[in-house]
Structures are given as C-alpha cells and as structure tokens.
Amino acid sequence: AGGHYNAGGAEAWFNVSRGGHYNAVHDHSGARASGIIWIAVPPPPPPPLEHSGALFVALAFPDGERPGRYALLGPAAGAMLCFPGRLAHAVVPVAPDALRGADDARISLAFNFP
C-alpha cells in the first residue's frame, strides 16, 4: 500500500499489488461510501488465473460467517467502482504467473467518504 491522505473526513490511499499480494476480507463500516479507481492493471490472464487480482465483493452474509452471494470483478485500467462502506470486500491474490515481469503491478486508488 502507498500513501494515505485525509481531507475533510474523506480519505484516499494507493495500493500497489505485485505477485502474491492480496487484501483480506474487510469493510469500511465507518464510511458512507467507499470505492476504487484502477490506475494500472496487468493484462487479463488466461484460465485458470482469470481471477488474479480481482475484487471480491460479498453481496450477502447469511450467517455472519461465510459469504452467501458474491461477485468477482476483474480490474480494468481507468474503471471506477463505488459501493456502501459496510459492504465486505477483498482483493484476490495476484498470481505471479499472471504478471509480465517483476515490476508489473495492479495499482489502484481506494477512497472513503464519510
């Protein structure tokens, strides 16, 4: 992860994910809205690596433990996604074999609004 910025309660930070990097399931329950802008992403990998670096979004937690319905959203450079801060989400590990080289990375700007 990169620098963290806070202005008037809104906050933003950069994430630079290389091979093996991921973000565990979490939420931003203190934020009214959260989101991500993908700045740079490796090219889409072939199966079985097609979910490398994808955003996992839990759409329902029926028993409070395990996700029920969910979505896997592949990153796309320049795309932005906003969602309620209380929505649980994660980043699937970036597969080293899905990268073009050691310097390749999935770069995003994440943000929260109060």
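How do the residues of the lining of the largest pocket divide into nonpolar, polar and charged? The split is eight nonpolar, nine polar and one charged. The model is a predicted one, and every value here is computed from it.

Start with that pocket. The largest pocket has a volume of about 190 Å³. Its lining counts 18 residues. Closest to the centre are Asn 15, His 26, His 28, His 89 and Ala 110. Several strands contribute to the wall. At least two lining residues each come from β2 (10-17), β3 (23-26), β4 (33-40), β8 (89-91) and β9 (106-113). β9 gives the largest share, with five residues.

Move on to the second largest pocket. Its volume is about 160 Å³. Here 14 residues form the lining, and those closest to the centre are Pro 42, Pro 43, Pro 45, Ser 52 and Pro 75. By class, the lining of this second pocket holds nine nonpolar, three polar and two charged residues.

Prolines also mark a backbone feature. Pro 47 and Pro 48 are joined by a cis peptide bond, with omega at about 5°. Pro 48 sits in the loop between β4 and β5.

The strands on either side of that loop lead to the interior. The largest nonpolar core has eight residues: Ile 36, Trp 38, Val 41, Leu 55, Val 57, Phe 83, Leu 87 and Val 91. β4 and β5 (55-58) each supply at least two residues of this core. Take Val 91 as one member of the core. Leaving aside residues up to four places away in sequence, Val 91 touches Tyr 22, Asn 23, Gly 53, Ala 54, Leu 55 and Arg 106. Of these contacts, Leu 55 is itself a core residue.

Last come the aromatic rings. A pair of aromatic rings is described by the distance of the centres and the angle of the planes. The whole structure contains two aromatic pairs. One of them joins Phe 111 and Phe 113. Their centres lie 5.6 Å apart, and the planes meet at 65°. That angle is over 60 degrees, so the pair counts as edge-to-face.

Are Phe 111 and Phe 113 buried or partly exposed? Phe 111 has a relative accessible area of 10%, so Phe 111 is buried. The cut-off for buried is under 20%. Phe 113 has a relative accessible area of 43%, so Phe 113 is partly exposed.

Definitions and conventions:
Residues are numbered from 1 along each chain as its sequence is written. This is a predicted model: local features need pLDDT of at least 70, side-chain atom pairs count only at pLDDT 80 or more; totals for chains, interfaces and linings use all residues. Side-chain values use heavy atoms; hydrogens and water are left out. On a 1 Å grid over the protein atoms alone, a cavity is a set of points where a 1.4 Å probe fits but cannot get out, and a pocket is an open set with protein on both sides within 12 Å along at least five of seven lines; lining residues have an atom within 4 Å of a point. Grid points are joined across faces, edges and corners, and a volume is the space filled by probe spheres set on the points. Helices (H or I, at least four residues) and strands (E, at least two) are DSSP runs, numbered from the N terminus. Ala, Val, Leu, Ile, Met, Phe, Trp, Tyr, Cys and Pro count as nonpolar, Asp, Glu, Lys and Arg as charged, and the others, Gly among them, as polar. A nonpolar core is a set of buried Ala, Val, Leu, Ile, Met, Phe, Trp, Tyr and Cys residues joined through side-chain atoms within 4.5 Å. Buried means under 20% relative accessible area, exposed over 50%, partly exposed in between (1.4 Å probe, protein chains only). Contact means heavy atoms within 4.5 Å. Rings of Phe, Tyr and Trp (its six-membered ring) pair if their centres lie within 6.5 Å; planes under 30 degrees apart count as stacked, over 60 as edge-to-face and the rest as tilted.
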